[in-house]
Amino acid sequence: MRKRIVIAFIIISMSASLPALDINFPEIKGFKIHTDYPVYVPDNLWDFINGAADGYLALGFVDLHVAEYKKGKEVIKLEIYRHSDPVMAFGIYASERSPSFRFMDLGAQGYMADGAINFFKANYYVKIRTYSKKVKTNQAAESLAVKVASMLEGESELPSVLSLFPEEGRKHNEETFINESVLGHNFLNKAFKVPYEVGPDVFFVYILQTASPKESRKTVETYLASAEVATVDNKDKYMLNDGYNGTVFLAWKQNKIVLIQGLDKDKSGLAEKYFSLILK
């Protein structure tokens, strides 16, 4: 409980500058809108999604608006989660996404799976759900998704950092964002992670963007010290023996840090190839 209180306090502090959100829920022909739910905020999100709340709070959750669309026994549920920025919204969306889903041109990206339509746009993560098997009800859910995507303000774009990841071997729609404790280290935060498969090698590439080259250097030096590797002036590439994660290749340039985890020590050439493509 104490952990929940601390997390909620941090998120409330982070989002205090964001104005309250007024939602005018779109209408669907033949359905009545029910808005009996409260507006959920960090200190009561557990009342709605219980154990899953921690994941949302760790990714800048601000508030949640919920509505139900009813037509007889047919029900469509709409949840609009607002996060502190688009990267955080992508992070929570990506954490619940699978590459096996049917992706849709909706917001920045969306998908449909087993009666659910989920998408994110700007700093919003939207979830629409119906358990109905009726074609018309599912069509109404799709129509609602399009209307909500159009209603919400902001850009319909994936985070720009994702464009830095090379295409060769990249596993698309498996990209994620880790807000804190990357690779289990509390000094590594805010990283985009993409899995790769090149021949027999399966590995992960992480890109961290810091506020400045000075901050990047400090982060790199902290990581090297934890792995008992001496910092060498003017050296920007290292191979570490990370006690948690085995061999980790590291490179940095200006405000970007790239980590590659999952490759054997003798794969430094492959690591170098990806470093060169990212840190041009």
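This text goes through the predicted model from its overall dimensions to its strands, salt bridges and a few single residues.

The protein chain has 280 residues, of which 47% count as buried. Its secondary structure comes to seven helices and 13 strands. Along the principal axes, the C-alpha trace spans about 70 × 40 × 30 Å.

A useful place to start is strand β13, which covers residues 256-261. Five of its six residues are buried, so the strand is mostly covered, given that buried means under 20% relative accessible area. Strand β13 has pairing partners in β10 and in β12. With β10, residues 201-209, the pairing is antiparallel and runs over six bridges. Within this pairing, tyrosine 206 has leucine 259 of β13 as its bridge partner. With β12, residues 246-253, the pairing is also antiparallel, again over six bridges. Here phenylalanine 249 is matched with isoleucine 260 of β13. As a general point for reading these strands, side chains in a regular strand alternate between the two faces of the sheet.

The connection from β12 to β13 is a hairpin with two residues between the strands. Glutamine 254 sits in this turn and has a positive phi of about 55 degrees. The residue is not a glycine, although its phi is positive. Is glutamine 254 buried or exposed? At 53% relative accessibility, glutamine 254 counts as exposed, because the cut-off for that class is over 50%.

A second non-glycine residue with positive phi is lysine 190, where the angle is near 60 degrees. Lysine 190 belongs to the loop between β8 and β9. Its relative accessibility is 41%, which places lysine 190 among the partly exposed residues.

The salt bridges come next. The count for the model is 11. One of them joins lysine 267 to aspartate 201, with an N to O distance of 3.3 Å. This pair links distant parts of the chain: lysine 267 is in the loop between β13 and α7, aspartate 201 is in strand β10, and 66 residues separate them. The two ends differ in their cover. Lysine 267 is partly exposed at 26% relative accessibility, whereas aspartate 201 is buried at 13%. Strand β10, which holds aspartate 201, is the strand already described as an antiparallel partner of β13.

Another salt bridge is formed by the side chains of lysine 171 and glutamate 197, at 3.6 Å from N to O. Lysine 171 lies in the loop between α5 and β8 and glutamate 197 in strand β9, residues 191-198, so this pair ties together parts that are 26 residues apart in sequence. Both ends are partly exposed: lysine 171 has a relative accessible area of 25%, and glutamate 197 has one of 42%.

Salt bridges also link Arg97, Glu167, Arg170 and Glu175 in a network. Within this group, arginine 170 forms a salt bridge with glutamate 167, and their closest N and O atoms are 3.7 Å apart. Which of these two residues is buried and which is exposed? Arginine 170 is buried, with a relative accessible area of 12%. Glutamate 167 is exposed, with a relative accessible area of 51%.

Charge on the surface also appears without salt bridges. Lys29, Lys71, Lys134 and Lys136 form a positive surface patch. Lysine 136 is part of helix α5, which covers residues 135-151. With a relative accessible area of 70%, lysine 136 is exposed; this satisfies the patch criterion, because patch residues need over 30% relative accessible area and no salt bridge.

The last residue to consider is leucine 45, in the loop between β1 and α2. Although leucine 45 is in a loop, its relative accessible area is 0%, and the residue is buried. Leucine 45 and tyrosine 56 are 11 residues apart in sequence, and their C-alpha atoms are 8.9 Å apart in space.

Methods. Residues numbered from 1 in each chain as written. Predicted model: local features only at pLDDT ≥ 70, side-chain atom pairs only at ≥ 80, totals over all residues. Heavy atoms only, no water. Buried < 20%, exposed > 50% of the residue type's maximum accessible area, 1.4 Å probe, protein only. Helix = DSSP H or I, 4+ residues; strand = E, 2+ residues; numbered from the N terminus. Pairing = 2+ DSSP bridges. Patch = residues over 30% accessible without salt bridge, like charges linked within 9 Å, V, L, I, M, F, W, Y side chains within 5 Å. Areas by Shrake-Rupley, 256 points an atom, 1.4 Å probe, with all protein chains shown as cover. Salt bridge = Lys/Arg side-chain N within 4 Å of Asp/Glu carboxyl O. Lys, Arg positive; Asp, Glu negative; His and termini not counted. Charge placed at Lys NZ, Arg CZ, Asp CG, Glu CD.
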